[in-house]
Each structure stands twice: as structure tokens, then as C-alpha cells.
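Notebook open. I want to look up the overall build, then follow the strand pairing, then check backbone details.

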Amino acid sequence: NLSAAVGPFAIDEGMVEAIEPLTIVEIFNQNTGKMIFVEVPVKDGLAVVDGDCMIAGVHKSGAPIHVRFNDPGGSVTNALFPTGNRCDSISSGNGQNIEVSLVDAGNPTVFVHSEDVGLTGNESPAEVNDNKNIMTRLESVRGWAAQACGLITKEQEAASSSPAIPKIAIVSPSRDSEDAQFKATMISMGKTHEAFALTGAIAVASAAKMENTIVHSVARRSKDSDVTFQHPSGLMTLQVEVSDNGSGNPKILWVSTVRTARKLMQGFVRVPEKILQKEKE
């Protein structure tokens, strides 16, 4: 989600020439080696803040900022499917095997079907967080995924050595929303989120367009590039462009969506000169 804020910041700070009514900011993501293109509405030399664009999980509307991630696959592992499979059968920590999909787009994310871990898909984030058995099983799956990504050598090291990556998401069919193709809930840093991180959304949208993944299996089909899914705070829509040259190994060309961003604070921290002098000594 920070990607959407980089463009307006760069414009407001004079790092990028402001061109009205729309400025395209080209961003190189040092972490992933990928390019991000951000379209920012501009007026009077500054990024526009006010608008009627609403984002589920954000309480205030704002100006629409279009964010496009080029070639997001393999951001960490250099492969869209780190295991080489679109679906893997693994142990979920209770002696039973479940099927999962590990997708590296935006951020590596491992997807599980809600029913396979004892959930209906209708639980609130608080209900999932409070179910210690479920959270333990999900962390076991995430540990497998972290090892499969080459981030750790043993599954048990995931919580301490790689707590943020990969993400894990629970998916299920959407039966209570005609607009959503499926439901998805993200867990990151040991907590079930009220909304959905953009990097995880890139992975879930990419997986939805790939046959034989867990996400594709629960999603209603869409003939256009749109992927709309339901998360605990509402709906999120992304566009996914897939290239298939007939080799059976399609590529995600880009994923885009709309965000909002606004400057919250700027200022100075006043430090007494004697303290600065003491630090120099």
C-alpha cells in the first residue's frame, strides 16, 4: 500500500516534475527489482488529495491513484510458482494433508481453502485470531511455504527468522456477494487482518487467473481482466493481464488497482545543541 504514497510524495517534494492533470511516476522497487508505475492527479503543482474514491478499510475518500505493478511474478524467489507446482499437497500440522498454492507475485503468499483448515470462510478476523488451533495449523503451513521459498532451512524457524514473508491467505467461495468472485482473508505477522495488503492482493489476483490453483478453484470466472474479491472490510478489485504464448507457462504481465493517499504529518524534531555536541564527541 505504500507504493501508492510514493508518487504523491515524490511530486510534492519536487523529486518529480508535476504535470497537470496527471503525472506518471516511475518507481524502481529496490526490494524486488521490479518497476511500479503510479498515475497521480495533480493540480497547482501538487498531488490532489480530495476525491470521491473510496477504498474498503479506509474511512475517508480521496483522489484516485492508479498503481500498476509490471511483471510482479517472482518478486522474491524469481518464480511465480516457487515449487514449480500450482498446487501442492502438504501436512497441515495435525497429521492430515491439505492442498495449498504458493504464489510469488508482489509478495510470496500461500493460499489454503478455508474448509481444509476447519473454517467456513465466514469467520471474522477476531474469531480466527482467537482460535489457537487454527492459527497453529496456519503457521505450520506458512512455515512449509517459507522453507519452499528458500527463506529458512527448517519450517520451525519461520516465526522467528521470517515472520513477515511469506503471507498466508484463507480463500473460499463467495456466496453472499454477487459482485465478489471469491472471499479471501490475509494473515500476516501472526495476526488476521481486517483488510488486505496490496502485495498480497497482487498474489491473490494473479492466482485467480491461473488454472489449477486453490484460488482459481473457488473463484467465479471472469472473462475480462478484473478480479474482484471480498475481504473482511469489503470488496477489492484489481486488473490482471496474463500472457500465454502457448507454452503452457503463462506470465503475469502486470497487475493494477486504484488506491488513495494523503500526507498525514510533516515536521521537525528539536534536539538541544548540547546533546548533539555530546554525540559528536
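I start with the term I need for the hairpins: two strands pair if DSSP finds at least two bridges between them. I also keep in mind that the model in front of me is predicted.

**Entry 1. The chain as a whole**

I looked up the secondary structure first. The protein chain has seven helices and 13 strands. Next I asked how the radius of gyration compares with the globule rule for 281 residues. The radius is 20 Å and the rule gives 19 Å, so the chain is as compact as a globular protein of that length. I then took the extent of the C-alpha trace, which is about 60 × 55 × 35 Å along the principal axes.

Burial came next. I find 44% of the 281 residues counted as buried. The accessible surface is about 15000 Å², and carbon and sulfur atoms supply 48% of that area. I also checked contacts with a separation of 6 or more: 57% of them are between residues 24 or more positions apart. For charge, I noted 25 positive and 33 negative side chains. The centres of these two sets lie 4 Å apart.

**Entry 2. Strand 2 and its partners**

Which strands pair with strand 2? I went through them in turn. Strand 1 (residues 22-29) runs antiparallel to strand 2, and eight bridges join the two. Strand 4 (residues 65-70) is also antiparallel to strand 2, with four bridges. Strand 3 (residues 46-47) pairs with strand 2 in the antiparallel sense over two bridges.

Is strand 2 mostly covered or mostly open? I find it mostly covered: in residues 34-43, seven of the 10 are buried.

I picked E39 to follow across the sheet. In strand 1 I find I24 opposite E39. In strand 4, H66 is the bridge partner of E39. I noted another pair further along strand 2: V42 has A47 of strand 3 as its bridge partner.

**Entry 3. On to strands 13 and 12**

I kept following H66. In strand 13, V258 stands opposite H66. Strand 13 covers residues 251-259, and it pairs with strand 4 in the antiparallel sense over six bridges. From there I moved to strand 12 (residues 234-243). Strand 12 is antiparallel to strand 13, with five bridges between them. V242 and I252 are one of the bridged pairs there.

**Entry 4. Hairpin turns and positive phi**

I went back to the two hairpins at strand 2. In the hairpin of strand 1 and strand 2, four residues lie between the strands. Within that hairpin, G33 has a positive phi near 70 degrees. The hairpin of strand 2 and strand 3 has two residues between the strands, and D44 takes the positive phi there, near 55 degrees. I flagged D44, since this is a positive phi in a residue other than glycine. Is D44 buried or exposed? D44 counts as exposed because its relative accessibility is 63%, and exposed means over 50%.

D71 went on the list too. Its phi is positive, about 45 degrees, and D71 is not a glycine. I place D71 in the loop between strand 4 and strand 5 (88-91). At 28% relative accessibility, D71 counts as partly exposed.

**Entry 5. Cis peptide bonds**

I checked omega values. The bond joining E20 and P21 is cis, with omega about 0 degrees. P21 belongs to the loop between helix 1 (2-12) and strand 1. I also logged a cis bond from I165 to P166, with omega near 0 degrees. P166 falls in the loop between helix 4 (158-161) and strand 8 (167-172).

**Entry 6. A205 in helix 5**

My last look-up was A205, in helix 5 (residues 198-208). A205 counts as buried because its relative accessible area is 0%, and the cut-off for buried is under 20%. What does A205 touch beyond its neighbours within four places in sequence? I find V227, L238 and V240 in contact with A205. I also noted V255, which is 50 residues from A205 in sequence. The C-alpha atoms of A205 and V255 are 8.0 Å apart.

Conventions: Residues are numbered from 1 along each chain as its sequence is written. This is a predicted model: local features need pLDDT of at least 70, side-chain atom pairs count only at pLDDT 80 or more; totals for chains, interfaces and linings use all residues. Side-chain values use heavy atoms; hydrogens and water are left out. The radius of gyration is taken over C-alpha atoms; the globule rule is 2.2 Å times the number of residues to the power 0.38. Buried means under 20% relative accessible area, exposed over 50%, partly exposed in between (1.4 Å probe, protein chains only). Contact means heavy atoms within 4.5 Å. Accessible areas come from the Shrake-Rupley method with a 1.4 Å probe; for residues, only the protein chains shown count as cover. Lys and Arg count as positive and Asp and Glu as negative; His and the chain ends are not counted. The place of a charge is taken as NZ of Lys, CZ of Arg, CG of Asp or CD of Glu.
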